[in-house]
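Q: I am new to this structure. Please take a close look at one part of the surface, then go on to the charged side chains and to one of the helices.

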Amino acid sequence: MKRKDNDIGRPRKALRDVREFARFLASEMKPKGKIWTPFNIISGTIIVVGIALIAIRFYKGLGAVTNLSQDYPWGIWIGFDVITGVAFAGGAYVLTFVVHIMKFEKYEPIVRVTVLNGFLAYVFYAGALLLDLGRPWNVVNPIIGNSFGLSSVLFLVAWHFLLYMICEFLEFSPAVAEWLNWEKARRVVEKMTIGAVIFGITLSTLHQSGLGALFLLAPAKIHPLWYSHYIPVAFFVSSIFAGLSMVIIESTFTHKIFHDKIGNRLRASHDDILLGLAKGCIGALFAYLFLKVIELVHGGHWDLLATPMGYWYLVEILGFVVLPIFLFGVALRKRSVRLVQFTSFFTAIGVVLNRLNVSVIAFKWYAPVRYYPSWIEIWVTLAVISMELWVFRWVINRMPVFKEHPEEKEAMDDIIPVGEVVRWKASAS
């Protein structure tokens, strides 16, 4: 009889657990905080209209909503949403390398939020890639196709994207396990973190440079000042300071907006972390500038600097590479966090400019009819960014992205008590 009672009780307990889990998820889906805020109204309107425009795109095709053509098959959805967005997501592989491989524990408080930002960027920008495909249902061909295009750069980039998103999810999964209170699962996935980090860093370096390698196929279509055999290396190096700049920008906003959710360790070391990230930015910017000088010297295109496109090239290099190096240097010398934050915005603009120059502006610069994005392309891009921000906020408000695990928190409270943090903030102000 005991065995039968147990057999009957187990399904009932399992059913009860499922119901409790469903109630938990339903409660978590409810909005938290004020609903009718300026951000929600503006971004919500952009998302609703954007979804309608996306439906029109899939119903009527690319020609109905974009200014793309046979001469300009790639526009802002590739140049900004994918190529620029992936560069900004580079902070995830840089920070995980610094923390998990190099063991710089100072940056550990921002690893989770950086990985989350990178993961969401890849998910949404990979989704945005579907918008640009004339036959989006063929996106599965690199995965389940009859023959693999091993000599195709796009094939490699597609696989790198997929595998790297899986790696980033594994890296972030301890936070998901803590949110669900799955302690055993948390311990299992934490043991997988180092392997996922090593594999993810390898994939990231490959596909960051792989995106640049795509443009090696168009030597006659890209302006000589932007085309060189070093494009893959330049894309990889620029992803380092692009990703670190985005980490600084993201930390600036999240530190203010989600201040009540930030752990004591991050509160005490936030400014020091930003200054450290600025050192990484200035080092990567120096390497990038050195690479651009080598390109110019080996290319021998000095005469092109005196042309309109040459002036535009100098604006990019002097205004958004040399000037950020100077500003970061001043910020580090004066230990000015605000100047670091301002310079990171400036650097991010330069990354956008460079990626759009290579993929759109300097592409077929000689053509009499140029490509300009339609308002629908711009609106859909804003809708994708807004959706990413909504999901990012939802996760931050529910999962322990900033807060330490209880075991880590107890250890940190021994080192930095709450009272010390309060006194530190008072003295800093």
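A: Helix H4 (91–101) and helix H9 (193–213) each supply at least two residues of a nonpolar patch on the surface of this model, which is a predicted one. The patch is made by Phe-97, Ile-101, Met-102, Phe-104, Ile-194 and Ile-198 and covers about 520 Å². One of these residues, Ile-101, lies in helix H4. The relative accessible area of Ile-101 is 34%, so this residue counts as partly exposed. A residue needs over 30% to be part of such a patch, and Ile-101 has 34%.

The charged side chains come next. Side chains of opposite charge can pair when their charged atoms come close. In this model there are eight salt bridges. Several of them can be followed in helix H8, which spans residues 183–191 and includes Glu-183. Here Glu-183, Arg-186, Arg-187 and Glu-190 are joined in a network of salt bridges. Within this network, Arg-186 pairs with Glu-183, with 2.6 Å from N to O. These two residues are three places apart in helix H8, so about one helical turn separates them. Arg-186 also forms a salt bridge with Glu-190, and there the closest N and O atoms are 2.8 Å apart. Arg-186 and Glu-190 are four residues apart in helix H8, again about one turn. An α-helix has 3.6 residues a turn, so residues three or four places apart point the same way.

The members of these pairs differ in how they are covered. Arg-186 counts as buried because its relative accessibility is 4%. Glu-183 has 29% and therefore counts as partly exposed, and Glu-190, at 31%, is also partly exposed. As for the wider position of Glu-183, its C-alpha is 21 Å from that of Ala-26, a residue 157 places away in sequence.

Another salt bridge is found outside helix H8, between the side chains of Lys-364 and Asp-71, at 3.6 Å from N to O. Lys-364 is in the loop between helix H13 (337–361) and H14, while Asp-71 is in the loop between H2 and H3, so the pair ties together parts that are 293 residues apart in sequence. Lys-364 is buried, because its relative accessibility is 12%. Asp-71, with a relative accessible area of 47%, is partly exposed.

What happens to the charge of Glu-316, a residue of helix H12 (308–334)? Glu-316 is buried but has no salt bridge, and the nearest side chain of opposite charge, Lys-292, is 5.0 Å away. A salt bridge needs a nitrogen within 4 Å of a carboxyl oxygen. Apart from neighbours within four places in sequence, Glu-316 is in contact with Trp-226, Tyr-288, Val-321, Leu-353, Asn-354 and Asn-357.

The helix to look at is H2, which runs over residues 38–60. Its 23 residues reach 33 Å from the first C-alpha to the last, close to the 33 Å expected at 1.5 Å a residue. Which residues of H2 are buried? They are Asn-40, Ser-43, Gly-44, Ile-46, Ile-47, Gly-50, Leu-53, Ile-54 and Arg-57. Their cover includes helix H3 (76–88), helix H5 (111–132) and helix H14 (375–398). Just after H2 comes Gly-61, which takes a positive phi of about 100°.

Technical notes
Residues numbered from 1 in each chain as written. Predicted model: local features only at pLDDT ≥ 70, side-chain atom pairs only at ≥ 80, totals over all residues. Heavy atoms only, no water. Expected span 1.5 Å × (residues − 1). Buried < 20%, exposed > 50% of the residue type's maximum accessible area, 1.4 Å probe, protein only. Contact = heavy atoms within 4.5 Å. Patch = residues over 30% accessible without salt bridge, like charges linked within 9 Å, V, L, I, M, F, W, Y side chains within 5 Å. Areas by Shrake-Rupley, 256 points an atom, 1.4 Å probe, with all protein chains shown as cover. Lys, Arg positive; Asp, Glu negative; His and termini not counted.
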